[in-house]
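Subject: Structure handover

Hello,

Here is the structure I promised to pass on. Please load it first, then read my notes below.

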Amino acid sequence: TLRKPISQSSMADWASKNLNMHTQGIFRRRISISNMLSWNGGSIKKPMLITSNRTIKKEACEMFKLVQSYMGDRQTRMDRNHVALVTVTKCWSMQGLRDELYIQLIRQTTDNMCYRSLAWGWELMAISLAFFSPSPKFQSYLEGYIYRHLDSDENIAQRIKELVDLKNKKITKSRKKRKQNIEDEGLPISTYAKYCYRKLQKVAITGGKKGLRKPTVEEITHARNAIVTPSLFGSSLEEIMLRQQDMYPGNKLPWVQTQLSQQVLALGGEQTEGIFRIPGDIDEVNALKLQVDQWRIPSSLSDPNIPASLLKLWYRELEEPVIPQQFYKECISNYENPDAAVAVVQLLPELNRLVLCYLIHFLQIFAQPSNVGRTKMDVNNLAMVMAPNCLRCQSDDPRVIFENTRKEMSFLRMLIVHLDTSFIKGLV
């Protein structure tokens, strides 16, 4: 469900307080807010947003040229992948540039007369959201802008026609009218907007790409492909099963779940101290995530903490948790009752039930006394690290969250100890 973001008037108010108003002409007349936030074919002499940082001031003007290059509005020798990589890396490395990039993209996708340029601007916004979030101060403004484009395809087509007609009237001396084709120019803008809206909600919580390694061309390509082909991470279980239908039509469980679980065991995870508690190297986890999203498991893995960390991430990032929200109250109400806890599992939708039972069966391997001696991860520890990945408390009250965390752990502990998962053996 999409929450309605800030109003148009609030957005105008934000712009008036935060835009670094530009001037033009020999009399240095101030440009209006509407012109400041409309497509510009020229360069800019200073940042779009107010800043006192000299480095940001210089980089912002260079970045505007990169945005124009990516959108096809400025000639460059670099290919678009490289342009995106340079742009994203600047912002990923320099936090103060992130809001500047998003406001530049807002400007260049407003009243843009070329549909291809417009679509590429939205594409760059979608790619950027895979790496970093806007600041909390700017998030609501960006959210409002994206929200207005969720169902705007007809309006955009009409607006482009109006702008082209207006331009053609102004240049009546030249009878050559630029033919503006808005058909077959790729994806509808609403597709980009819907993707960006969902991505913005997630990146605001997760914070984007982590680790020390800079973004790579592979990650840029992956971020672009995710607009059309949903990732195996952050999607719903139903979407994931639909995606794997062609490759693994007989599978009852998500390929990503079974493969990562088997990798943890194949690398001796059940004999590794601190498994699921000690995180794997974040850059190695990111690299594995890219491979898994292309249906590949590299043979070079040696540390079980890498697939274990990615497996936890997969459960945590599911669009809806393994135990759907409507069963949450029932779970925390029955956190001390083994029979009632097991009964809740039987009520789940079939796919969720199988996925949860596979997870519990997997955790039961680690809960065996012979393994606990090595891993130092008993049933309580396993429940503690995995419960947040299966159940999501919706409350904002810290006291409720704290109290429910204990109940969530206890509920998962009940399942690890009492749920019969023998039927899951051999199931893929």
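Start with F276. Its place is in the loop between α12 (255-266) and α13. This is a predicted model, so treat every value here as computed from it. The phi of F276 is near 75 degrees, a positive value in a residue other than glycine. Most residues other than glycine have a negative phi. F276 is also buried, with a relative accessible area of 2%.

K376 also has a positive phi without being glycine, near 60 degrees. This residue is in the loop between α18 (369-375) and α19 (379-390). K376 is partly exposed, at a relative accessible area of 48%.

**Overall picture**

The protein chain has 428 residues, and 49% of them count as buried. DSSP runs give 20 helices and two strands. Along the principal axes, the C-alpha atoms fill a box of roughly 85 × 45 × 40 Å. The accessible surface comes to about 21,700 Å². Carbon and sulfur atoms hold 51% of that surface.

Now the contacts. Take the pairs in the chain that are at least 6 apart in sequence: 78% of those contacts join residues at least 24 apart.

On charge, there are 58 positive and 43 negative side chains. The centres of the two sets lie 11 Å apart.

**The annotated span**

UniProt places the feature "domain: Rho-GAP" at residues 235-423, in an unreviewed entry. In the model, that span is 61% helix and 0% strand. Its end C-alpha atoms lie 27 Å apart.

**Helix α10**

Which residues of α10 are buried? In this helix, residues 217-228, they are E219, I220, A223, R224, A226 and I227. Seen down the axis of α10, these buried residues fall within an arc of 155 degrees, so they line one face of the helix. E218 and V228, on the other side of α10, are exposed.

What covers the buried residues of α10? The cover includes these helices:

- α3 (54-70) and α4 (80-93)
- α6 (115-129) and α9 (189-206)
- α13 (282-292)

α13 also borders the loop that holds F276.

**Two buried positions**

Q108 is in helix α5, residues 98-108. Its relative accessible area is 0%, so Q108 is buried, the cut-off being under 20%. Set aside its neighbours within four places in sequence. Q108 is then in contact with S38, W39, N40, F64, V67, Q68, M71 and D73.

L237 lies in helix α11, residues 237-243. L237 is buried as well, with a relative accessible area of 3%. Beyond four places in sequence, L237 is in contact with P254, W314, L318, L351, N352 and V355. One of these partners, L351, is 114 residues away along the chain. The C-alpha atoms of L237 and L351 are separated by 7.7 Å.

**Partly exposed and exposed positions**

M384 is found in helix α19. At 40% relative accessibility, M384 counts as partly exposed. M384 and L412 are 28 residues apart along the chain, and their C-alpha atoms are separated by 8.4 Å.

Q325 sits in the loop between α14 (305-317) and α15 (328-333). At 27% relative accessibility, Q325 counts as partly exposed. Leaving out residues up to four places away in sequence, Q325 touches E320, R392 and Q394. Q325 and H361 are 36 residues apart in sequence. From C-alpha to C-alpha, that pair is 22 Å apart in space.

Is D339 buried or exposed? D339 is exposed, with a relative accessible area of 64%. Its place is in helix α16, residues 338-347. How far apart are the C-alpha atoms of D339 and R29? They are separated by 75 Å, with the two positions 310 residues apart along the chain count.

That is the set of notes. Send questions any time.

Best wishes

Key: Residues are numbered from 1 along each chain as its sequence is written. This is a predicted model: local features need pLDDT of at least 70, side-chain atom pairs count only at pLDDT 80 or more; totals for chains, interfaces and linings use all residues. Side-chain values use heavy atoms; hydrogens and water are left out. Helices (H or I, at least four residues) and strands (E, at least two) are DSSP runs, numbered from the N terminus. Buried means under 20% relative accessible area, exposed over 50%, partly exposed in between (1.4 Å probe, protein chains only). Contact means heavy atoms within 4.5 Å. Accessible areas come from the Shrake-Rupley method with a 1.4 Å probe; for residues, only the protein chains shown count as cover. Lys and Arg count as positive and Asp and Glu as negative; His and the chain ends are not counted. The place of a charge is taken as NZ of Lys, CZ of Arg, CG of Asp or CD of Glu. The arc is that of the directions from the helix axis to the C-beta atoms. UniProt positions are given in the numbering used here, feature names are shortened, and annotations may be inferred rather than shown by experiment.
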